[in-house]
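Colleague: Please take me through this model and justify the words you use for it.

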Amino acid sequence: MTETRDDANGWQPSQRYPDPSVISLDPRFEQYRLPLAGVERLATGCRWCEGPVWFGDGRYLLWSDIPNNRIMRWDEVTGQSSAFRQPSNFANGQTRDRQGRLITCEHGGRRVTRTEYDGSLTMLAESFEGKRLSSPNDVIVKSDGSIWFTDPPFGILGNYEGHRAEPELGQNVYRLDPDTGALSIVADDILGPNGLAFSPDETVLYIVESRGVPTRKILAYDVNKDGASIRNKRVLIDAGPGTPDGFRVDADGNLWCGWGMGEAELDGVMIFAPDGTPIGRIALPERCANVCFGGRANSRLFMAASHSIYALYVNVAGVTGG
Ligand code: MG
């Protein structure tokens, strides 16, 4: 993909190690940063990058470029990017199920789809009790095959990232049962539910409250023994002036969160320990919406940040299903 715009901030990868854009905020972060790894920009020229998902079997990354109504593909072998699906029905969050199939949230289709092995799309969820979903935003798959996704109205507020429409349902978080295909609401009291992820042992579910007042938050819930419902809502992280959107969890339970908006010094990725303490930060020249782990050993962090995709090798692997 050609670079269609010069970076407004004149950003260049650091030539020196350690990369000064990888910042330790707590001694706990030191074990995760690699002194001989730096932030790289893999692609640029998009309008709003989201939904990164890694395919180790094909050695490529997919991500959504929502306003351009396309899913992009970056090839690890050639380093080249190209359109994977266009139009994409304004695809947003993505992941893979436990059979490796691509799961995609669509603003335009107001649904969640699965891409089958032959490339055809299967609609998994588009309505609840006869009312249309709003604009599914982000999605994860639990080890039991259930699919959990958030459904704020962001994608139908205008025509830039979908098709303007009135919401028919509240701002819910849903669980799709893997056996029956039935949808159930697992949370209905979150202001702008957005990114979500389980702790490595799936006993805790984290959900970003991206319209929290007066500040945005990352909430934590305990997962009930049934594996299908949650309880004990609490604030794990108060984002203050920051804007969390999507995030992933590593094998040690740390949260790697896309961050930014407002002040340039907030742009990038914030890393929090399982207790919610900020332990590290990756400074980027653009607001980061979402991340995923991938690459060999699942220890390369891919960052979907506004116009561009960035990557950084780290010393921890992401958990499956994020
Ligand atoms: Mg999101």
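The questions below take up the overall fold, the metal site, the core and some backbone details.

Colleague: What kind of model is this, and how are its residues numbered?

Modeller: This is a predicted model, in which local features need pLDDT of at least 70 and side-chain atom pairs count only at pLDDT 80 or more, while totals for chains, interfaces and linings use all residues. Residues are numbered from 1 along each chain as its sequence is written, and side-chain values use heavy atoms, with hydrogens and water left out.

Colleague: How many helices and strands does the protein have?

Modeller: The protein has 0 helices and 27 strands. Both are DSSP runs numbered from the N terminus, with at least four residues for a helix (H or I) and at least two for a strand (E).

Colleague: Why is the protein called as compact as a globular protein of its length?

Modeller: Its radius of gyration is 18 Å, and the globule rule gives 20 Å for 322 residues; the two are close, so the description applies. The radius is taken over C-alpha atoms, and the rule is 2.2 Å times the number of residues to the power 0.38. Along its principal axes the C-alpha trace spans about 55 × 40 × 35 Å.

Colleague: What makes a residue a donor to the magnesium ion?

Modeller: A donor is an N, O or S atom within 2.8 Å of the metal (3.2 Å for Na, K and Ca); water is not among the atoms, so sites may look incomplete. Glu50 (OE), Asn137 (OD1), Asn194 (OD1) and Asp245 (OD) coordinate the magnesium ion at 2.2 to 2.8 Å. Their spacing in sequence is E-x86-N-x56-N-x50-D. Glutamate 50 in strand E3 (residues 49–55) and asparagine 194 in strand E17 (residues 193–198) are 144 residues apart, and the pair links distant parts of the chain.

Colleague: Why are glutamate 50 and asparagine 194 called buried?

Modeller: Buried means under 20% relative accessible area, exposed over 50%, and partly exposed in between (1.4 Å probe, protein chains only). Glutamate 50 has 2%, so it is buried; asparagine 194 has 4%, so it is buried as well. Buried residues make up 60% of the 322 residues in the protein.

Colleague: How do you know that leucine 196 is in contact with Asp138?

Modeller: Contact means heavy atoms within 4.5 Å. Leaving aside neighbours within four places in sequence, leucine 196 has a list of contacts that includes Asp138, Trp148, Tyr206 and Phe247. Leucine 196 lies in strand E17 and has 0% relative accessibility, so it counts as buried. Its C-alpha atom is separated by 6.9 Å from that of phenylalanine 247, 51 residues apart along the chain.

Colleague: Is aspartate 138 buried or exposed?

Modeller: Aspartate 138 has a relative accessible area of 0%, so it is buried. This residue sits in the loop between strand E12 (131–132) and strand E13 (139–141). Among the residues that aspartate 138 touches, not counting those up to four places away in sequence, are Asn194, Leu196 and Asn290.

Colleague: What makes asparagine 89 partly exposed?

Modeller: The relative accessible area of asparagine 89 is 30%, so the residue is partly exposed. Its phi is near 55 degrees, a positive value in a residue other than glycine.

Colleague: Which peptide bonds are cis?

Modeller: Among them are the bond from tyrosine 17 to proline 18, with omega near -5 degrees, and the bond from valine 213 to proline 214, with omega near 0 degrees.
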